[in-house]
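Subject: Structure for your review

Hello,

Here is the structure I promised to pass on. My notes on the contacts follow below it.

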Amino acid sequence: MSNHNDTHISSQQIFLTSKHADQVYSKAECIFYLDTPIAPPRGTRILMSITDFEIPYSFYTINSTNDKLKFTGYTTINIEHGNYNVNSLISFINTELDTVASNITASYITNQNQIRFVSNTAAISIDTGVSTCLFEIGFNDDDTQNNTTIQGTNGMNLAGIPNIYIRIKNITTANLDSKGQLASTLAKVNVNVNPLEYIFYVPQHPVYQTINETQFNNLHLSIEDEDGNKLELNGQFWSLTLSIHYQLQRQPNLVIDDEIKNEEEAKK
């Protein structure tokens, strides 16, 4: 029995694969219903941790969250979903510009890792309200350039997402997000392989979360990026192991320092 478990109840492992989920919202968001609920007796709390996770790197650099580029007054360019490097993306954009804005040409400034757009007629500007690929092509959300030549303020970034977040929607954990607010994140997984390879996550020292719920009979899991967008897995599946331990609930010991106690009594 694990040293996390100090009860007579056996620890448990729940082996989950999205291929066999009971309710599927997308390949990245599923609900699993448990025939045998996790329901320890009163006075027992539940500890939970992900002890392994596997997923193919099947998601794309350009997807439905960042596939639009629009110049003010021109038709929106819809970038085909897929993985790009700077040359292949600029080539695609130029092919589309030949149709929607033949006066505009895109080029790559190698030594600055930036994209430049040049118009051979009137001044141009990026429609930041419609364009969703601004981060990838190095433009700010509030870009106001309006000229015959405009250039990204930042470097292009086609590296894809650095991390995957495994979130549970129906159970409350004590984990915090960047703003210090309670989050439903069970684990953050580094994307440290190339596209089309498998990502394996096996934490050396799993952190077991004490959850607020005293029992549950389903698990609502979602695989997301850091902005909360569900990954578009292009038909692929993922799996993980959820380890459950049990601990006896104890009342906290209230210890009052003698000096503080004496000071309080002296004030009376």
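Which side chain does Lys 70 meet in a salt bridge? The partner is Asp 127, with N and O 3.9 Å apart. Please keep in mind that this is a predicted model.

Salt bridges

Lys 70 lies in the loop between strands E5 (68–69) and E6 (77–78), while Asp 127 lies in the loop between strand E8 (114–119) and helix H2 (134–137). The two are 57 residues apart, so the contact links distant parts of the chain. Lys 70 has a relative accessibility of 15% and counts as buried, because the cut-off for that class is under 20%.

The search of the whole structure found five salt bridges. Another of them pairs Lys 230 with Glu 29, where the closest N and O atoms are 3.7 Å apart. This pair also links distant parts of the chain: Lys 230 is in the loop between strands E14 (216–224) and E15 (239–248), Glu 29 is in strand E3 (residues 29–38), and 201 residues separate them. The two ends differ in exposure, since Lys 230 is partly exposed at 34% relative accessibility, whereas Glu 29 is buried at 11%.

Glu 224 and Arg 167 form a salt bridge as well, with 2.7 Å between the closest N and O atoms. Glu 224 belongs to strand E14 and Arg 167 to strand E10 (residues 163–168), 57 residues away along the chain. Both are buried: Glu 224 has a relative accessible area of 2%, and Arg 167 is at 13%. Through shared partners, salt bridges join Arg 167, Lys 169 and Glu 224 into one network.

Aromatic pairs

The count of aromatic pairs comes to seven. One of them is Phe 32 with Trp 238, an edge-to-face pair with 6.2 Å between centres and 75° between planes. Phe 32 sits in strand E3 and Trp 238 in the loop between E14 and E15, so the pair spans 206 residues and links distant parts of the chain. Phe 32 is buried at 5% relative accessibility, and Trp 238 is buried at 1%.

Phe 117 and Phe 139 form a tilted pair, 6.1 Å centre to centre with 40° between the planes. Phe 117 is in strand E8, and Phe 139 is in the loop between H2 and strand E9 (149–151), 22 residues apart. Both of these residues are buried. Ring pairs also link Phe 32, Phe 53 and Trp 238 into a cluster.

Helix H1

How far apart are the end C-alpha atoms of helix H1 (residues 86–100)? They are 21 Å apart, which agrees with the 21 Å that its 15 residues should span at 1.5 Å a residue. The expected figure rests on 1.5 Å times one less than the number of residues.

At the start of H1, a side-chain oxygen of Asn 85 comes to within 3.1 Å of the backbone nitrogen of Asn 87. The buried residues in H1 are Val 86, Leu 89, Ile 90, Phe 92, Ile 93, Asn 94 and Leu 97. An α-helix has 3.6 residues a turn, so residues three or four places apart point the same way. The elements that cover the buried residues of H1 include E5, E6, strand E7 (104–109), E8 and H2.

Regards

Conventions
Residues numbered from 1 in each chain as written. Predicted model: local features only at pLDDT ≥ 70, side-chain atom pairs only at ≥ 80, totals over all residues. Heavy atoms only, no water. Salt bridge = Lys/Arg side-chain N within 4 Å of Asp/Glu carboxyl O. Helix = DSSP H or I, 4+ residues; strand = E, 2+ residues; numbered from the N terminus. Buried < 20%, exposed > 50% of the residue type's maximum accessible area, 1.4 Å probe, protein only. Phe/Tyr/Trp six-rings, centres within 6.5 Å; stacked < 30°, edge-to-face > 60°. Contact = heavy atoms within 4.5 Å. Polar contact = N/O pair within 3.5 Å; in protein donor to acceptor, adjacent residues only side chain to side chain.
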